[in-house]
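I opened my notebook for a first look at this structure. Here is what I looked up, entry by entry.

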Amino acid sequence: MKLHTSRGAVSPARVQFFLAEKGIEIECAQVNLMKGEHKTPEYRAISPNGRSPALQLDDGRVICETSAICRYIEALQPEPPLCGTTPVERAHIEMCDRMMEFELMMPMAMTFRHTFPAMKALEDQVPEFGEKQRGVARKRAVRLDKQLVTQDYIAGSEFSIADITAWCSFRFFRVAGFEITDETPHLKAWFARIKARPAAAVAFS
């Protein structure tokens, strides 16, 4: 297998974190997003949607989309489980992960894409929209802080893919002003707890 990835970007980091938790090493090919390499005909022949990451299988087939790649890896190597082991656990963790993706990561991404100066070259920015999305993400962070009062991880008592999605989002989008402060102490403690995992050091390296 070969992972077409982009060092430092949030979605590729999620896959790298997931692989590191599994103890799996895969050949990687870097795709430079800032240089527009994901838009080239050569890369679109691999990933039709032009997104990174993309997992190219040994038979030539390609799996795009971060969640799909992680689910495939989980099926290949179930231990340690990051997506649950029972039908109820799998559904609950999937729900939590999708919430983190759509309610936290996406608003952060929209803030970054529409307000961060370096993104002007890649995005037709609408700063007002970006600032509204900043508010959406911050409100979700406050709700997450309250959720973490009674549990150590986003999906409950065990670390899961939902923690990877949320942690990578906070880690990357701090450049857009999403620093975790003492106003959300439980979220801050959770972030430190995830950062202490050895796989976290691999995510953005």
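**Entry 1: phenylalanine 170 and the core**

I started with phenylalanine 170, which is in contact (heavy atoms within 4.5 Å) with Leu104, Met108, Ala141, Leu144, Phe178, Ile180, Leu187, Trp190 and Phe191, leaving aside neighbours within four places in sequence. I noted that this is a predicted model, where local features need pLDDT of at least 70, side-chain atom pairs count only at pLDDT 80 or more, and totals for chains, interfaces and linings use all residues. Residues are numbered from 1 along each chain as its sequence is written, and side-chain values use heavy atoms, with hydrogens and water left out.

Next I looked up the largest nonpolar core, a set of buried (under 20% relative accessible area, 1.4 Å probe, protein chains only) Ala, Val, Leu, Ile, Met, Phe, Trp, Tyr and Cys residues joined through side-chain atoms within 4.5 Å. It has 54 residues, and Phe17, Trp167, Cys168, Phe170, Phe173 and Trp190 touch the most other members. Domain 1 (2-76) and domain 2 (87-202), with bounds from an automatic or database domain assignment, both give residues to this core, so it lies between them.

**Entry 2: threonine 5**

I found threonine 5 in strand 1 (residues 2-5), a DSSP run of E with at least two residues, numbered from the N terminus. Is threonine 5 buried or exposed? Threonine 5 is buried, at a relative accessible area of 2%. Not counting residues up to four places away in sequence, threonine 5 touches Pro12, Gln16, Cys28, Ala29, Gln30, Val31, Ser52 and Pro53.

Technical notes:
Buried means under 20% relative accessible area, exposed over 50%, partly exposed in between (1.4 Å probe, protein chains only). Helices (H or I, at least four residues) and strands (E, at least two) are DSSP runs, numbered from the N terminus.
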